[in-house]
Amino acid sequence: VFYPKLIRRRKSMKKLLSVALAIVMMFSISIIAFAADKPAIELGKEYTVTLDNTTLEYTLTIPEDGAYRLSGSLLDQKGDMGMASVTVSDDNSSFSLVSLYYWNDPEFADMPIFHNTEDEDIFMAKKGSKLTVSVGSGEPLFDSDEEIKFPEVTVKFKIASVTDLREIKIGESYTVNGEEYFLFKPTENGFIDIWSHQCQNISVMDTDGSIYTGYSGADGFPVDLFFEYKAGEIYGICVESNFDENGNNLDSVFHVVDAKTIQPDIIDLEDITVIWGDYEYVSPDIYPLGSFYNCSELEYTIENEKVATVEYDAESDMYVIHGNRPGKTTLTVTEPNSGITREVEVEVITRTTSFFRSIFEFISNIFNFVFGR
C-alpha cells in the first residue's frame, strides 16, 4: 500500500489533503502524454531521464509471449519530497506500474513506508504487442493556499525479459517464501484451481494484461484462484506467502489441481428476510470455489409458496425471492451433480416491522460501541 509522505507537519491539513488527492489521481488514472511522438525503447537497456513535473512516453514492441520485468529507481533526492512512476499499458489494459517516492522529513526518518526509491514488477505480454511506457514525475497541485510542485527527479528504468521463473503443473504442490512469480503453460484447454490454507494472496495475469485475484481465505476457507485456460497460452501466477507476528516470511505451500475433479462440499447461503410485497436477490457461493466447473445449475425450492416464491432473473443471472405475505418458510438450494443441499429460513415481514428492527439494531450498535461489547 502506498502511503504518500509529502509535506511537513507544520503544513495545514488542507494542503495535506490536496497533496494526497493529487497522488491518488497521479497513480490511479492514465497519464496524459505530452509528446505526440513516442520513441522506441529496447528490451534489456537501461534508460535515465530527468523530469520536472513532466511525463515522457515511449513505445515497446514485445518480441515473444512471456514474462517481463519492469524495474525503476530514483537516482537522487532533491528537497524534502519527490515522486515518480513508470507504467506499461496499452489502450485497453494497464500491464505494470512501479511507484517511486521519498519524503525526507527528519521527523519520519525511521519510517521505511515513506521511502520507495527502487522497485520492480513482473508482467505478462503477447508477441507483437505495442505497449506504451510512461515515465512521469509529480504534477503541480491545486486547491491549496500555496501552489506546490514536486522537485526535479532523475529516474532510471529498464524492461527485460524474464527467463528464470518456475513453471507450475496441474497435480503438483509448491512452497514459497515471500512473493514469487510462476509460469503456467498448458498444452490443452481446461480448468485450473490453485488454492492454499497458508498463502496470503494468489493472482493470475494473461498476456492480454487481464489480472484475476484469488478469493481470500476467510472463515477457515483457503485462498482460492480458479480460471479457464487455453492451450498454447502463457499465464503468470503471483503467489504471496504467509508471515509471522514480526512480519517475517514463512514457508507456505499451495496446490495446483484440475478444477473438474473438485467435488463441491458446501453451499454458503444465509437466512433471508424479505419485506412483504418486495423481493430480495440471492447468490449462494459453493465451496471449494474451484468446484464451480464441476457443478450444474443450482435448484431452488420453497416449502410454502403462499409466504414466498422464487424465480430466475435472466437479466441479473440471479434468483429472486418474492415476499407474498408475512410469515416464515424454508428455501432449499440443491446442487444436482453432487446432491449437496442448503436449507435457510425465509422470513417475510411488514415495512413497519422492518422499520422497528432497524431502530433496534441502530440502538444496539450504539450500546455495543459505548460499552465495548
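**Exercise 1. The R69 salt bridge**

Task: In this predicted model, find which residue forms a salt bridge with R69, and place both partners in the fold.

Solution.
Step 1. Look for the partner. R69 pairs with E120, and their closest N and O atoms are 3.3 Å apart.
Step 2. Check the distance. The cut-off is 4 Å, so the pair qualifies as a salt bridge.
Step 3. Locate the residues. R69 sits in strand β3 (residues 66–74), and E120 sits in strand β7 (residues 118–125). They are 51 residues apart, and the pair links distant parts of the chain.
Step 4. Assign exposure. R69 has a relative accessible area of 25% and is partly exposed. E120, at 47%, is also partly exposed.

**Exercise 2. The E180 salt bridge**

Task: Identify the salt-bridge partner of E180 and say which strands are linked.

Solution.
Step 1. The partner is R166; the closest N and O atoms lie 2.8 Å apart.
Step 2. E180 belongs to strand β12 (residues 179–184), while R166 belongs to strand β10 (residues 166–167). The separation along the chain is 14 residues.
Step 3. E180 has 23% relative accessibility and counts as partly exposed. R166 is partly exposed too, with a relative accessible area of 35%.

**Exercise 3. A loop and a helix**

Task: Determine where D278 and R351 lie, and classify each by exposure.

Solution.
Step 1. D278 and R351 form a salt bridge, with 3.8 Å between the closest N and O atoms.
Step 2. D278 is in the loop between β20 (272–275) and β21 (279–282). R351 is in helix α2 (residues 351–371), so the bridge ties together parts that are 73 residues apart in sequence.
Step 3. D278 is at 26% relative accessibility, which counts as partly exposed. R351 reaches 54% and counts as exposed. The boundary for exposed is over 50%.
Step 4. Set the pair in context: the structure holds eight salt bridges.

**Exercise 4. The nonpolar cores**

Task: Give the number of residues in the largest nonpolar core, then list the contacts of V155.

Solution.
Step 1. The largest nonpolar core has 36 residues.
Step 2. Pick out its best-connected members. F123, V133, V155, F157 and I159 have the most contacts inside this core.
Step 3. Take V155 and set aside its neighbours within four places in sequence. V155 then contacts Y47, T48, V49, L51, S73, L74, A84, V86, L100 and V135.
Step 4. Look beyond this core. Apart from it lies another core, of 20 residues. Among its members are I267, I286, Y300 and I302.
Step 5. Add the general rule. In soluble globular proteins, nonpolar side chains tend to be buried together.

Notes: Residues numbered from 1 in each chain as written. Predicted model: local features only at pLDDT ≥ 70, side-chain atom pairs only at ≥ 80, totals over all residues. Heavy atoms only, no water. Core = buried A, V, L, I, M, F, W, Y, C linked by side-chain atoms within 4.5 Å. Buried < 20%, exposed > 50% of the residue type's maximum accessible area, 1.4 Å probe, protein only. Contact = heavy atoms within 4.5 Å. Salt bridge = Lys/Arg side-chain N within 4 Å of Asp/Glu carboxyl O. Helix = DSSP H or I, 4+ residues; strand = E, 2+ residues; numbered from the N terminus.
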